[in-house]
Amino acid sequence: MVFTSVNFILFFAAVIVLYFSAPLKWRWLVLLVASYFFYINIKPVFAILLAAVTASTYVFTRLMDQTRKESRKNVYKVINIILVLLPLFFFKYFAVINNSLIAGLQGWGIHWPLPEIELFLPVGISFYTFMAIGYTIDVFNEETPAEKHPGIVALFISFFPLILSGPIERAGNMLPQFRNPVNPDYDKVVKGLRFMLWGFFMKLVVADRIGIYVDAVYHNIPNHNGTTLLAAFFLYPFQVYADLGGYSLVAIGVAGILGIKVMDNFRRPFFAATMAEFWRRWHMSLITWLTDYVYTPISFALRQYKLWGIVYSLMITFMISGIWHAASLTFVAWGLLQGIYLSVEALTNKQRANMEKKYKLANRGWYIFLSCLITFILFGISQVFARSANLQDAFQVLGKIVTEPGALFIGAPSILIFSILGISMVMLKDFTDEYYPGRFLLFENRNKPVRVMAYSLVIVLILLIGVFDGGEFIYFQF
Amino acid sequence: MAGSLFIFNSDGMLKKLFINFLLVAAVVAVLDFALGKVLRHFYFRESSGLHYRTTYSMEKADADILIFGSSRANHHYVPEVFADSLGLTFYNTGRDGNGIFYQAALLKSVLKRYTPKVIILDYAGDFGKGRQVYDNLSSLLPYYQSHPEIRQEVNLRSPYESVKLLSGIYPYNSQLLTIAVGNLDMNKKRKSDNKGYVPLETEHPVVKEYFNSLIQQPVDSNKIESLREFVRVAKASGTRFVVVYSPLYQEHKRYWEIEICETICKEAGVPFWDYSRDSFFVQQPDLYYDPVHLNHKGALIFSKQIASRMRDVLH
Amino acid sequence: MERATVIEQLTPVFRKIFNAPELEITDEMTANDVEGWDSLSHMLLIADVETAFSIKFKLKELNKMRNVGDMIEIILSKA
């Protein structure tokens with residue numbers, strides 16, 4: 001069930017009642033049962049896979065803790081990582097590799113009797129696999145001791161607010177909270193509710209509305225001119241932010257109401273002046289995961305190559321990030337672009353810093369705005385690849401934007417009008433949070449009437465212009 | 001501390017939450033009620049456009065001949081042709097994107113008021129598992145409270161639809177601008193209609209083909225039942241009732257969909273006029289706006305054929 | 001090696017990597033305190049520190065370095 005469904009609200013209400021009625025020492029069980037219920041509701045057979053990944057991780061982390069020898073520990077670590085990655089590879093990449101192989105062989109005139117496969121991706125597999133791997137590596141590095149209680153490990157990997165699309169959390173943060181559950185105080189519950197409300201707003205009012213336009217355009221690229229494609233170009237990053245960002249907020253809010261603190265996933269990403277900063281604000285749980293478990297080990301191994309070692313590590317890390325999103329060339333291209341952006345920035349770091357010092361640009365409003373705009377455009381270019389069905393489409397979109405201006409496709413005017421209204425509201429909030437923190441507060445205003453009106457108006461807006469017909473969340477296929 | 005029901009050792013937290021919840025809910029309810037009333041007032045005051053035509057179809061249409069269906073009904077049946085040919089009044093209730101559920105609901109509303117002499121159902125043929133037909137039931141939400149006869153269809157949209165419809169605003173979700181524009185005089189010109197019929201321009205680029213899959217898709221039993229219901233209700237009203245499958249640019253390959261309709265019509269003893277593979281219309285680009293819709297020129301020709309067949313039936 | 005010596009040798013490395021000729025390092029200093037110290041420049045710093053002290057860090061040690069003070073301790077244990 002998606003977060004933005006009546007079924008989920010009912011489910012969550014039931015969980016709250018059961019959770020807080022249970023004695024503290026059984027709370028983990030309530031959450032575990034709820035999480036498996038939640039997951040089984042989506043597709044029962046994949047719950048077996050989830051349990052298998054959990055079992056393997058539990059066994060090998062315990063083994064690691066009981067071994068003195070470093071080399072033995074390493075073997076256990078590697079075995080579990082491979083075991084846990086196998087289903088991910090199989091479901092995500094096997095179909096692509098298999099079908100490419102068949103196509104390739106056919107090109108050579110060989111007709112190999114391999115079946116062409118259409119596989120359903122187990123929901124959330126990319127997320128819980130990463131959480132399991134992170135935990136495995138943390139135990140190896142002695143960052144956290146292996147959890148003895150299998151139920152707690154099972155809960156960590158299956159925790160329902162996080163399982164479908166993150167944030168990708170760490171064992172070090174979650175295990176202690178599951179071991180020793182606390183009752184949230186009033187402020188924490190209200191904060192959680194606020195996150196849920198704003199998350200629903202972002203998803204239903206902004207993301208799903210923009211999605212209607214962007215889907216229509218990308219569905220029919222050959223028949224749309226450059227101006228229309230440009231509009232979709234500018235809209236799509238906002239859609240993804242509102243979608244994944246909104247969904248993350250709901251996840252964090254849900255966990256918060258249960259008294260569990262989960263990391264932030266987005267921090268006003270469109271106010272980043274460089275791509276490096278962008279990646280410290282966008283999908284933070286994924287990027288910190290990749291940094292800690294992929295980038296750092298690789299760049300450490302290559303540190304004697306200085307800047308070129310960094311460039312290489314960046315490219316590899318973001319390629320992995322790309323294919324983690326999807327088994328397609330478009331996401332390889334996406335990853336490649338991110339790697340290139342960051343590498344170019346790293347290589348020109350000194351020059352830019354000197355230029356900024358020389359012309360005293362750092363605090364000029366127009367310079368900051370320009371930097372943010374350029375960063376947005378760079379990200380937007382990479383997102384064209386993410387959104388396109390294949391490389392040809394992506395290149396066609398980018399080409400037409402430059403070469404084929406024309407009349408803007410509007411379709412139904414309300415779509416664009418509501419989209420722009422929604423984006424403005426989200427950006428206004430982010431703008432004030434970024435540059436005037438603590439001021440212009442609505443949800444957090446000191447005056448109760450202001451707060452109550454703010455909550456009510458947001459709810460009314462959702463009723464008025466939210467999209468209620470199954471706008472499916474983008475990251476579900478991950 | 002034995003972690004018992006923490007509400008009993010809370011510092012009145014649950015009570016505080018409950019009261020604040022109630023407070024916000026009360027404010028929302030008031031806003032919802034007020035805004036709902038405003039939206040309802042302006043929705044039913046619209047004088048042109050899709051909302052107006054649906055309202056007219058449900059509450060005012062009294063023509064001798066009514067055509068029901070989706071965009072294919074809306075753009076294929078020209079009122080003047082039927083009026084001239086048969087000397088009967090005509091109204092086209094077809095509406096883009098709205099499938100059999102909408103049509104069945106509309107039929108019930110109409111029959112509550114009067115029985116037309118002739119009812120034509122332009123059968124759209126979609127029995128797949130697609131959600132669009134359910135989603136487009138949103139066209140009927142504003143009528144839910146005042147038209148109990150359509151509730152069966154509207155409730156198909158989701159198990160919680162009746163709960164959502166307690167909200168005053170929800171029926172008008174996403175329609176704010178459309179309602180505003182529908183109240184403007186200038187919209188009458190922009191969305192002019194001729195007894196419900198909307199002509200599709202004849203000047204149009206090359207009609208492209210569409211993917212016409214031979215692979216049988218799983219069918220949605222709700223849709224089949226709804227068609228059965230439509231046929232049953234129409235037949236029972238005593239009107240002259242005909243089901244038509246209007247032309248397609250490409251010869252239709254989804255034979256199983258036609259078969260379902262043929263069977264239902266045969267069981268009920270209702271004539272089914274199938275133009276899906278009609279040699280006159282297939283592959284005639286100057287008669288089509290797109291692979292599944294005739295343009296005005298094609299609609300005129302098609303309407304004449306249907307009208308003349310109708311004349312034989314009526315005499 | 002003495003602590004003071006480590007700090008003396010470490011400071012010019014920091015100054016060079018972060019382009020801050022006036023920078024003074026302290027035990028509590030972390031990446032948040034220095035402009036331009038991020039995961040990208042961190043590895044450059046580590047490489048230069050290793051060269052300066054003729055030592056080799058282990059990845060595990062890197063993960064345990066919470067601040068400059070930790071770094072100094074690890075250097076002391078190796079030099």
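**Two domains and a chain partner**

Okay, so domain 1 and domain 2 of chain A bury about 2,600 Å² between them, with 71% of it on carbon and sulfur atoms. Buried area here is the accessible area (1.4 Å probe) that two parts lose on being put together, summed over both. In domain 1 of chain A, A:Phe130, A:Pro167 and A:Arg170 lose the most area to domain 2, together 23% of what that side buries.

Quick note: this is a predicted model, where local features need pLDDT of at least 70, side-chain atom pairs count only at pLDDT 80 or more, and totals for chains, interfaces and linings use all residues. Residues are numbered from 1 along each chain as its sequence is written, chains are lettered from A and ligands numbered from 1 in the order in which they are written, and side-chain values use heavy atoms, with hydrogens and water left out.

Where do the domains run? Domain 1 of chain A covers 6–181 and domain 2 covers 187–473, bounds that come from an automatic or database domain assignment. Their centres, taken over C-alpha atoms, are 26 Å apart.

Back to A:Arg170: this residue forms a salt bridge with A:Asp292, the closest N and O atoms being 2.9 Å apart. A salt bridge means a side-chain nitrogen of Lys or Arg within 4 Å of a carboxyl oxygen of Asp or Glu. The count between the two domains of chain A is 1 salt bridge.

Now, chain C. Chain A and chain C bury about 1,700 Å², 58% of it on carbon and sulfur atoms. How many salt bridges are there between chain A and chain C? The count is 6. C:Lys60 pairs up with A:Glu142 in a salt bridge, with 3.9 Å between the closest N and O atoms.
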